[in-house]
Amino acid sequence: MAQERTYIMVKPDGVERGLVGEVIKRFENRGYKLVALQQLRPSRELLEQHYGDLKTKGFFPALIAYMLSGPVVGMVWEGKGVVVTGRKMLGETNPLASAPGTIRGDYCIDVGKNICHGSDSVESAKKEIALWFPAGVNEYTRSIEKLIYE
Ligand code: DAT
Ligand code: MG
């Protein structure tokens with residue numbers, strides 16, 4: 001059975017604030033497997049594709065400007081239920097509505113500076129991973145798998 005994957009991205013504010021490690025640590029500690037990681041300054045075209053579903057929203061220009069303001073760190077995490085669990089770990093879109101203990105609930109306040117992205121479904125994860133990692137991810141096995149899954 002193919003393992004589920006999700007695309008998690010630390011946005012420019014999260015990178016500048018030094019929160020990349022915090023995000024990685026939470027997914028690592030949970031037991032998920034890192035299969036791709038990169039820092040890059042995305043082009044406007046890439047961001048407009050990534051956020052294509054939001055093109056008609058009033059906040060879209062501000063969202064793109066925010067995402068263009070510095071480098072992002074994108075990663076792909078693999079494991080059971082990682083899409084839904086990843087979203088829970090991130091918290092709500094609006095950080096003020098995010099429970100303490102979630103990434104947004106612990107590290108940010110405003111929706112336009114919510115420090116991280118996570119795929120919202122298995123289907124969008126597939127599209128986002130292909131968009132951000134066109135060369136593919138890294139397949140490898142971990143000897144600790146038996147300590148994480150029953
Ligand atoms: P999420 O990032 O939780 O998947 P989304 O896909 O609906 O949320 O929106 C993408 C990003 O756009 C979100 O992280 C922050 C911004 N955004 C969403 N809703 C917004 C709003 N009402 N005002 C300002 N920015 C918003
Ligand atoms: Mg989204």
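I began with helix α2, where E22 and K25 both sit, three residues apart, about one turn of the helix. The model I am reading is a predicted one. I found a salt bridge between E22 and K25, with 3.8 Å between the closest N and O atoms. I then looked up the exposure of each partner. E22 has a relative accessibility of 24% and counts as partly exposed. K25 is also partly exposed, at 40%.

**Salt bridges elsewhere**

I next asked which residue pairs with R26 in a salt bridge. The partner is D106, and the N to O distance between the side chains is 2.8 Å. D106 belongs to helix α6 (residues 103-107) and R26 to helix α2, so this pair ties together parts that are 80 residues apart in sequence. I noted D106 as partly exposed, with 37% relative accessibility.

I went on to K33, which forms a salt bridge with E78; the closest N and O atoms are 3.5 Å apart. K33 is in strand β2 (residues 33-40) and E78 is in strand β3, so the pair ties together parts that are 45 residues apart in sequence. Are these two residues buried or exposed? K33 is buried, its relative accessible area being 9%. E78 is buried too, with a value of 8%. The cut-off for buried is under 20% relative accessible area, so K33 at 9% meets that cut-off.

I followed this pair further and found a network of salt bridges that links R5, K33, E78 and E139. My count of salt bridges comes to seven.

**Nonpolar cores**

I turned to the nonpolar interior. How many residues does the largest nonpolar core have? It has 19, and those with the most contacts inside it are I8, V10, V23, F27, M75, W77 and I103. Four elements are listed as giving two or more residues to this core: β1 (5-10), α2 (20-30), β3 (72-78) and α5 (82-90). Helix α2 gives the most, with four residues. I recorded another core lying apart from this one, with 18 residues, among them Y7, L46, M67 and I129.

I took I8 as a sample of the largest core and listed its contacts, leaving aside neighbours within four places in sequence. I8 is in contact with V23, F27, V73, G74, M75, W77, L90, H117 and G118.

**H117**

H117 appeared in that list for I8, and I looked it up next. H117 lies in strand β4 (residues 116-118). Its relative accessibility is 9%, and H117 counts as buried. Which side chain does H117 join in a polar contact of 2.9 Å? I found that of E128. Beyond its neighbours within four places in sequence, H117 is in contact with Y7, I8, M9, K11, H50, Y51, L90, R104 and E128. I noted that this list includes I8, from the largest core, and Y7, from the other one.

**Surface patch**

Last, I looked at the surface. I144, L147 and I148 form a nonpolar patch there, and together they have about 280 Å² of accessible area. I148 is in helix α8 (residues 145-148). With a relative accessible area of 33%, I148 is partly exposed.

Technical notes:
Residues are numbered from 1 along each chain as its sequence is written. Chains are lettered from A and ligands numbered from 1 in the order in which they are written. This is a predicted model: local features need pLDDT of at least 70, side-chain atom pairs count only at pLDDT 80 or more; totals for chains, interfaces and linings use all residues. Side-chain values use heavy atoms; hydrogens and water are left out. A nonpolar core is a set of buried Ala, Val, Leu, Ile, Met, Phe, Trp, Tyr and Cys residues joined through side-chain atoms within 4.5 Å. Buried means under 20% relative accessible area, exposed over 50%, partly exposed in between (1.4 Å probe, protein chains only). Contact means heavy atoms within 4.5 Å. A salt bridge is a side-chain nitrogen of Lys or Arg within 4 Å of a carboxyl oxygen of Asp or Glu. Patches are made of residues with over 30% relative accessible area and no salt bridge: like charges are joined within 9 Å, nonpolar side chains (Val, Leu, Ile, Met, Phe, Trp, Tyr) within 5 Å. Accessible areas come from the Shrake-Rupley method with a 1.4 Å probe; for residues, only the protein chains shown count as cover. A polar contact is a pair of N or O atoms within 3.5 Å; within protein, one must be able to donate a hydrogen and the other to accept it, and residues adjacent in sequence count only if both atoms are side-chain atoms.
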